[in-house]
Amino acid sequence: MSANAHHADHTATEPHRPGHDVHDAHAGHDKHEGHSPEMFRDRFWWSLVLTVPVVVFSEMVQEWFGYTAPSFPASDWIAPVLGTAIFVYGGSPFLKGAIREIRDRRPGMMLLIGMAITVAFAASAATSLGWFDLEFWWELAALITVMLLGHWMEMRSIGQARGALAALADLLPDDAELVTDGGTETVAVSELAVDDVVLVRPGARVPADGEIVEGSAEIDESMVTGESRPVAKTAGDRVVAGTVATDSAIRVRVKAVGDDTALAGIQRLVAEAQQSRSRAQVLADRAAALLFYVAVGAAAATVLTWLLMGETDEAVVRSVAVLVIACPHALGLAIPLVVAISTSLAARQGILVKDRLALERMRTVDVVLFDKTGTLTKGEHIVTGVVAVDGDEARILRLAAAVESDSEHPVGRAIVGSARERGDIPVASGFTSMGGRGVQATVDGDQIAVGGPALVSERDLDTGPVEEATSLWKERGAAVLYLIAEGAVIGALALEDEVRPESRQAVEQLHQLGIRVAMITGDARQVADAVAADLGIDEVLAEVLPEDKHSKVAELQHRGDRVAMVGDGVNDAPALAQADVGIAIGAGTDVAIESAGIVLASDDPRGVVATRRLSHAGHRKMIQNLAWAAGYNVLAIPVAAGALAWAGVALAPAAAAVLMSASTVIVALNAQLLRRVELTPTAGES
């Protein structure tokens with residue numbers, strides 16, 4: 001509603017703590033289904049302890065290092081017994097995974113590992129029975145131990161990346177102070193119900209979403225919005241579970257608990273995004289499946305070739321090395337780890353990724369289309385100009401504020417707020433609303449009226465003394481209110497929707513990234529053009545009805561543009577759904593916006609820039625990881641098969657396991673570098 005128009009009508013089920021069951025710890029990485037980092041850790045250490053004597057008593061190792069191990073009656077059985085124990089205990093996670101992949105008809109890395117260690121065990125056992133002249137137990141033990149170490153490190157990395165969910169759950173206090181007739185009572189957060197009133201002391205966290213009913217405080221909302229500065233909140237304002245009252249005590253009436261809170265919604269979004277499959281993940285999965293057949297074919301060819309050459313021992317060793325080196329371990333980790341890190345990193349910045357594909361598409365966007373009201377602007381009027389016939393503009397503002405002091409309308413509050421910033425406001429009496437024309441009251445014995453053009457026309461008043469200023473305001477699309485006293489216009493005020501201070505920076509930074517910026521609004525053309533000129537926007541779509549916004553997005557797409565639509569997620573829903581990327585902004589307390597692929601928890605439009613940067617950085621890491629993981633296998637498999645044996649270059653199975661694990665570590669470390677990407681503007685940036 002415009003400023004002028006305003007004067008025309010001036011008159012439970014027990015909840016549970018969210019986050020404890022919103023996601024499976026390893027979803028999206030199902031080769032480890034049912035396993036934990038602790039399980040791999042324990043099996044690694046026990047296998048390492050058992051591997052040491054196997055290696056120490058190995059004749060081959062003794063020859064390499066020139067020592068002689070102690071000899072006693074049972075020393076020949078150390079390697080077979082301990083090697084078998086390592087195969088059964090340390091190798092069981094891989095064998096179970098291999099069986100599951102066979103059952104699911106989805107061959108992958110666990111089947112490759114299972115085949116490698118099974119062949120190695122069979123060859124070792126055959127050697128102990130005298131069928132081969134091949135010492136292999138120490139290789140089997142080292143192979144399994146290195147594999148366990150690699151998987152432990154991998155799962156630790158995944159767990160750390162997904163720690164954002166656990167951190168969000170930890171933001172909720174365990175207890176709350178429930179306000180009762182006799183004071184307060186400490187209760188578990190899970191016992192709170194809607195309409196309960198809780199006391200939040202200074203420095204304490206809000207236990208549930210609600211509304212302040214008493215008191216005011218600076219609230220730290222960084223866990224929701226990513227904004228480090230506290231936000232002033234008073235009676236009637238909403239607060240979110242997990243936020244902190246930094247300086248004063250407040251009483252909050254509970255409006256949502258358990259899974260209905262914003263915090264639980266954020267957790268769901270993060271979990272879903274980390275589990276969702278991206279295009280790159282599909283590519284990696286296909287490559288991993290293809291690699292299984294390549295590895296099996298290469299191993300079979302290796303065995304056949306060496307057998308034809310009469311080298312039975314080499315046939316076994318080389319085939320095991322091929323199966324080990326071909327494990328698509330790094331390939332399987334390349335994408336999930338980047339996804340987990342990028343989504344948790346985004347969540348800490350107040351960027352909630354609902355759709356992985358939307359985040360991937362963000363890097364290809366040509367045009368960012370912002371809704372104006374509530375997105376680039378605050379959706380709240382401020383006084384942008386004052387003119388006085390006698391030159392005393394401060395007096396005009398004070399008189400207008402005095403008349404509006406009893407008003408509850410946003411326009412009236414804007415005038416009062418502006419005047420209070422400049423000093424005291426006179427006391428008014430006899431407030432009256434004149435339907436459709438304006439309001440009036442008595443101030444210091446004089447009757448003062450405040451109204452728009454309709455009131456001036458009704459009283460047939462001359463606006464000439466303020467016409468020069470008001471004409472300029474009207475050209476900008478500002479709403480103009482006149483002050484009338486003793487039958488004459490004594491001054492005027494201009495009111496405009498306040499532009500967010502961050503909007504200009506967001507537009508400038510998008511331009512620096514080579515992206516065009518457009519704005520869509522239902523406001524009049526002159527209003528839209530004024531805001532666009534102020535912000536440096538490239539294209540303006542004005543006077544667009546809410547139901548027509550999606551068609552305007554489609555028009556941009558039809559001319560070849562890839563469009564990201566940024567809106568408040570309410571009346572912009574069709575446009576958000578139509579766009580290549582839909583971004584809902586300012587949804588800190590309403591994270592379940594179905595029409596958007598990405599949700600910015602804060603009102604800061606610079607989050608769009610951060611989203612673009614994250615999209616580019618994440619995609620770059622995915623491609624780097626895929627290139628390394630695939631390239632490593634292409635180069636390593638022929639070497640493992642013995643293609644360079646003529647040059648004296650050979651790759652033992654244990655060495656292959658080390659290289660395979662090293663490849664995984666490289667991929668994991670490269671993904672971790674994503675944490676160093678600057679998503680928010682740094683000092684010196686616009």
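This is a short tour of a predicted model, with a selection to make at each stop.

**Whole chain**

Start with everything shown. The chain has 686 residues, and buried residues make up 52% of them. Colour by secondary structure to bring up 25 helices and 22 strands. With the surface switched on, about 29,600 Å² is exposed, and carbon and sulfur atoms supply 54% of that area.

**A nonpolar patch on the surface**

Keep the surface on and select Trp 45, Leu 48, Val 52, Val 56, Trp 64, Phe 65 and Tyr 67. Together these residues make a nonpolar patch of about 710 Å². Two elements give two or more residues each to the patch: helix H2 (37-56) and helix H3 (59-65). Of the elements involved, H2 gives the most, with 4 residues.

Now pick out Val 56, which lies in helix H2. Is Val 56 buried, exposed or partly exposed? Its relative accessible area is 33%, so Val 56 counts as partly exposed, a class that runs from 20% to 50%.

**The cores**

Hide the surface and show side chains. The largest nonpolar core holds 35 residues, and Val 368 and Val 608 have the most contacts inside it. A second core, separate from that one, has 29 residues, including Val 61, Ile 78, Ile 113 and Leu 148.

Return to Val 608 and display what surrounds it. Which residues does Val 608 touch, leaving out those up to four places away in sequence? They are Met 362, Val 368, Phe 370, Leu 510, Val 566, Ile 583 and Leu 600.

**A hairpin**

Select strand S1 (residues 175-180) and strand S2 (residues 183-188). The two strands run antiparallel and are joined by 6 bridges. S1 and S2 form a hairpin, with 2 residues between them. To see one facing pair, select Thr 180 and Gly 183: Thr 180 stands opposite Gly 183, which belongs to S2.

While the strands are on screen, a general point may help with reading them. In a regular strand, side chains point alternately to one face of the sheet and the other.

**A three-stranded sheet**

The last stop is an open sheet of 3 strands, in the order S6-S5-S8, with antiparallel pairing. Its edge strands are S6 (231-233) and S8 (244-245), each of which pairs on one side only. Strand S5 (residues 217-220) is joined to S6 by 3 bridges. Which residue in S6 is the bridge partner of Glu 218? Select Ala 232 to find that partner.

Notes: Residues are numbered from 1 along each chain as its sequence is written. This is a predicted model: local features need pLDDT of at least 70, side-chain atom pairs count only at pLDDT 80 or more; totals for chains, interfaces and linings use all residues. Side-chain values use heavy atoms; hydrogens and water are left out. Patches are made of residues with over 30% relative accessible area and no salt bridge: like charges are joined within 9 Å, nonpolar side chains (Val, Leu, Ile, Met, Phe, Trp, Tyr) within 5 Å. Accessible areas come from the Shrake-Rupley method with a 1.4 Å probe; for residues, only the protein chains shown count as cover. A salt bridge is a side-chain nitrogen of Lys or Arg within 4 Å of a carboxyl oxygen of Asp or Glu. Buried means under 20% relative accessible area, exposed over 50%, partly exposed in between (1.4 Å probe, protein chains only). Two strands pair if DSSP finds at least two bridges between them. A nonpolar core is a set of buried Ala, Val, Leu, Ile, Met, Phe, Trp, Tyr and Cys residues joined through side-chain atoms within 4.5 Å. Contact means heavy atoms within 4.5 Å.
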